[in-house]
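Colleague: I am new to this structure and should like to understand the terms used for it. May I put some questions to you?

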Amino acid sequence: MAITQNYKLNLIQWYPGHIAKAEKNLKEQLKRVDVVLEVRDARIPLATNHPQINEWVGDKKRVLVLNRLDMIMPKVRSLWIDWFREQGEFVYFTNAQHGEGITAVAKAAQAAGIELNQRRRDRGMLPRPVRAVVIGFPNVGKSALINRLIGKRVVASEARPGVTRQLRWVRISDQLQLLDAPGVIPARLENQTAALKLAICDDIGEASYDNQLVAAALVDLLNEIQYAEPDLLPKLPLKSRYELDSTPYTGDEYLQALAEHRYKGDIERAARQMVTDFRKGLLGEIPLDLPPSGMA
């Protein structure tokens with residue numbers, strides 16, 4: 001893809017020490033876990049798919065959660081539901097900030113526990129609470145999901161990556177215990193298009209990227225989706241927000257034009273504002289990943 005060409009000399013890599021340590025501890029704790037709740041960002045379900053997740057889950061029950069359902073259109077959600085079904089996966093959509101979809105996730109985790117305890121009874125063992133772990137990239141909404149499952153704020157939840165730094169068990173009910181784990185991320189981000197999407201969505205540490213390059217990539221992505229699948233985006237989202245159409249420009253050109261148009265030529269300010277507006281949903285409901293059958 002053309003979007004990654006700018007990044008040949010500006011690779012996005014982010015693997016802080018606390019994540020490396022947490023991943024090691026997580027692998028040890030996974031032996032004690034019955035159910036894995038995997039949380040991804042609904043705007044980028046493919047980019048927030050950790051390449052080792054299948055290896056970690058093994059034969060355990062997995063509940064796949066796409067959080068931030070409010071940030072994509074219902075028709076995009078339907079496409080993902082169909083695509084995941086073709087892959088043999090049932091997907092749960094949530095908005096953890098506002099509590100949407102949480103009950104269904106809790107029921108799915110508890111259903112796995114019913115199976116577990118039936119097997120225990122069959123072997124003459126006493127039932128016990130289900131042990132579930134919440135896994136996902138930084139800042140995809142894991143802590144917010146846990147707080148919603150519990151019904152109160154027991155773990156720190158902020159709109160920035162890397163807030164959760166240690167593993168801890170949280171009791172949800174007599175039937176369910178949850179392990180809150182820090183965000184996990186591959187030690188090396190081989191796919192730089194996916195890395196760009198992580199940066200745009202604030203699912204990776206800010207120290208790993210350049211705001212202007214990321215903002216330019218956002219423009220290129222929006223132009224590309226606008227051309228290929230216009231029905232899956234708000235109409236001309238950048239023009240609606242900034243009164244300047246992006247479609248005649250490359251990302252770099254648009255950023256410079258926007259800086260002149262609104263920010264007295266300050267390209268860094270234009271870049272930061274655009275990325276912030278995207279993250280806050282002020283550009284509208286915008287997916288940056290689409291199912292492979294939709295957009296190449």
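Modeller: Let us begin with a definition: a salt bridge is a side-chain nitrogen of Lys or Arg within 4 Å of a carboxyl oxygen of Asp or Glu. This is a predicted model, in which local features need pLDDT of at least 70 and side-chain atom pairs count only at pLDDT 80 or more, while totals for chains, interfaces and linings use all residues. Residues are numbered from 1 along each chain as its sequence is written, and side-chain values use heavy atoms, with hydrogens and water left out.

Colleague: Why is the pair of Glu 38 and Arg 62 called a salt bridge?

Modeller: The closest N and O atoms of Glu 38 and Arg 62 are 2.8 Å apart; the limit is 4 Å, so the pair qualifies.

Colleague: What makes Glu 38 count as buried?

Modeller: Buried means under 20% relative accessible area, exposed over 50%, and partly exposed in between (1.4 Å probe, protein chains only). Glu 38 has a relative accessible area of 2%, so Glu 38 is buried. Arg 62 also counts as buried, because its relative accessibility is 19%.

Colleague: Which residue other than Glu 38 forms a salt bridge with Arg 62?

Modeller: Glu 89 does, with the closest N and O atoms 2.7 Å apart.

Colleague: Why is the pair of Lys 197 and Asp 289 given that name too?

Modeller: The N to O distance is 2.7 Å, which lies within 4 Å, and therefore Lys 197 and Asp 289 form a salt bridge. Lys 197 counts as buried at 10% relative accessibility, as does Asp 289 at 5%.
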